[in-house]
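User: Could you take a close look at the aromatic rings in this structure for me? I would like to hear how they pair up and what surrounds them.

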Amino acid sequence: MATPRNRSASVEAEAGARRQGDSGVELALPSDTAAAAPLCPHGPTLLFVKVNRGKEETRRFYACSACRDRKDCNFFQWEDEKLSGARLAAREAHNQRCQPPLSRTQCVERYLRFIELPLSQRKFCRSCQQLLLPDDWGDHREHQMVGDVSVTQLRRPSQLLYPLENKKTNAQYLFADRTCQFLVDLLSALGFRRVLCVGTPRLHELIRLTEPGDKKPHIKSLLLDIDFRYSQFYMEDSFCYYNMFNHHFFDGKAALEVCRAFLQEDKGEGVILVTDPPFGGLVEPLANTFKKLIAMWKEGQSQDESHKELPIFWIFPYFFESRICQFFPSFCMLDYQVDYDNHALYKHGKKGRKQSPVRIFTNIPPNKIILPTEEGYRFCPLCQRYVSLENQHCEHCDSCTSKDGRKWNHCFLCKKCVKPSWIHCSICNHCAVPDHSCEGTKDGCFICGELDHKRSTCPNIGTSKKANNTLFFRAVRKQKQRKSNKMKMETTEGRSMNHTSVTGRKKRRERAHQYLCS
């Protein structure tokens, strides 16, 4: 999974997901008659629109679904842009160059040959992050290598591979063993027999390592992940190279059918989707992808079972609760704090504001989920669910209201519980941190300014397309004029600076001459 490295980055992702000040970028839904989205190295791109507060949307464009930083994937194309055949061919060649060096079939063949080697010949190149066959040794002689790779190590590839570190694309903060074991025990207790792991490689590993016992049924797992390095450790029925932001299977229809068969096995009974997406990603494309997986699962359901929901564990920071529930109203948030091995902050045992903000969102009734009492969770008989120890039941809200593990205080003016560090602001008429800005940018509709809806659902959208086009072309002309004026100023300033520098040098020479002659 991926996550911002600090709390401020997480809040930034929550607040706008690319939004800054009074302008921002939002996901746009293509029309039914729109052509297929163009491809980048990460699969089909997504359609975005730049919005400004108080104005209608401007020109729409396609950008990479997986990378928020143009340095990682610089794909950009206007929605109405027409490309020449030469540019399309160059793009196709670039996409091919960015693909993994080995196909899925080649990875499986190499893996089968690798496990047949004697222990002394099993080597892994840390520099290239690749399992090596004897024919490869010469090319990696100067690299850092690990020898005597055991079967146990092959079954825990996340401990052999270096975690990816780009938090905006595919950074891997791996579940700690405590969290992994809790999830496996919980899934087993709830009676699930299959787990679709979307971006959770360590959970996938532990499920496959868990031996079925007298009381524990055997659980099967399928991993969908954008890290192609896992291709060399799993067969086709255990791993699919996958982008969760656009529901793209890189290995085509064959991988899609593997996922479909996994979801529809036993008529869809006993399966759950567990996902741990990058925290820096947008919630909306993730929700769209999960709905497509749900639709795939429902294809195997009978007409009488159409009301059923695919059980889901969506692991995400608590401050995304409103966004997640906007797309999945039946979801609730559990108090369990998810922690990670290779993250400096999101670790178990921290207190106060330093506690992990990562939670589990699920459509499974919370009264069916038992949290470990030895880790500080208790059962609230009034809420009929397990909560953290400091999450006290509020008699005014009639709920255990804390989201971050601390005891929250009830504000009678706001008529709700708030964080203990917040105070009520008479200017803003709501609670906020003491040093907040009362004139800060407010969330809401970028067109009409109302706070009860977003731009995409504004009733005024589309009422002045002609005026909006006029404004757009006027803005283009102004931008060209500003660019022209800037170039003229730079030219004038350059001449002036050259004249000044020449005059300065002449005066310095005259002063030096006077000094030497005095």
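Analyst: Happy to! A word on terms helps here: a residue is called buried under 20% relative accessible area, exposed over 50%, and partly exposed in between. Keep in mind that this is a predicted model.

Searching the whole structure turns up 23 aromatic pairs. One of them joins Phe76 and Trp78: their ring centres are 5.0 Å apart and the planes stand at 85°, so this pair is edge-to-face. Phe76 has 28% relative accessibility and therefore counts as partly exposed. Trp78, at 27% relative accessibility, is likewise partly exposed.

Now turn to Phe175 and Tyr340, whose ring centres lie 5.6 Å apart with planes at 25°, so the pair is stacked. Phe175 sits in the loop between α5 (157-160) and α6 (177-189), while Tyr340 belongs to the loop between β16 (332-333) and β17 (358-362), so their contact ties together parts that are 165 residues apart in sequence. Both Phe175 and Tyr340 are buried.

There is also a cluster to explore. Ring pairs link Phe279, Phe290, Trp314, Phe316, Tyr318, Phe319, Phe320, Phe328 and Phe331. Phe328, one of the cluster's members, has a charged partner as well: the charged end of Lys291 sits over the Phe328 ring, 5.6 Å from its centre.

A further charge over a ring involves Arg194, whose charged end is placed over the ring of Phe262 at 5.8 Å from the ring centre.

Definitions and conventions
Residues numbered from 1 in each chain as written. Predicted model: local features only at pLDDT ≥ 70, side-chain atom pairs only at ≥ 80, totals over all residues. Heavy atoms only, no water. Phe/Tyr/Trp six-rings, centres within 6.5 Å; stacked < 30°, edge-to-face > 60°. Buried < 20%, exposed > 50% of the residue type's maximum accessible area, 1.4 Å probe, protein only. Helix = DSSP H or I, 4+ residues; strand = E, 2+ residues; numbered from the N terminus. Lys NZ or Arg CZ within 6 Å of the ring centre and 35° of its normal.
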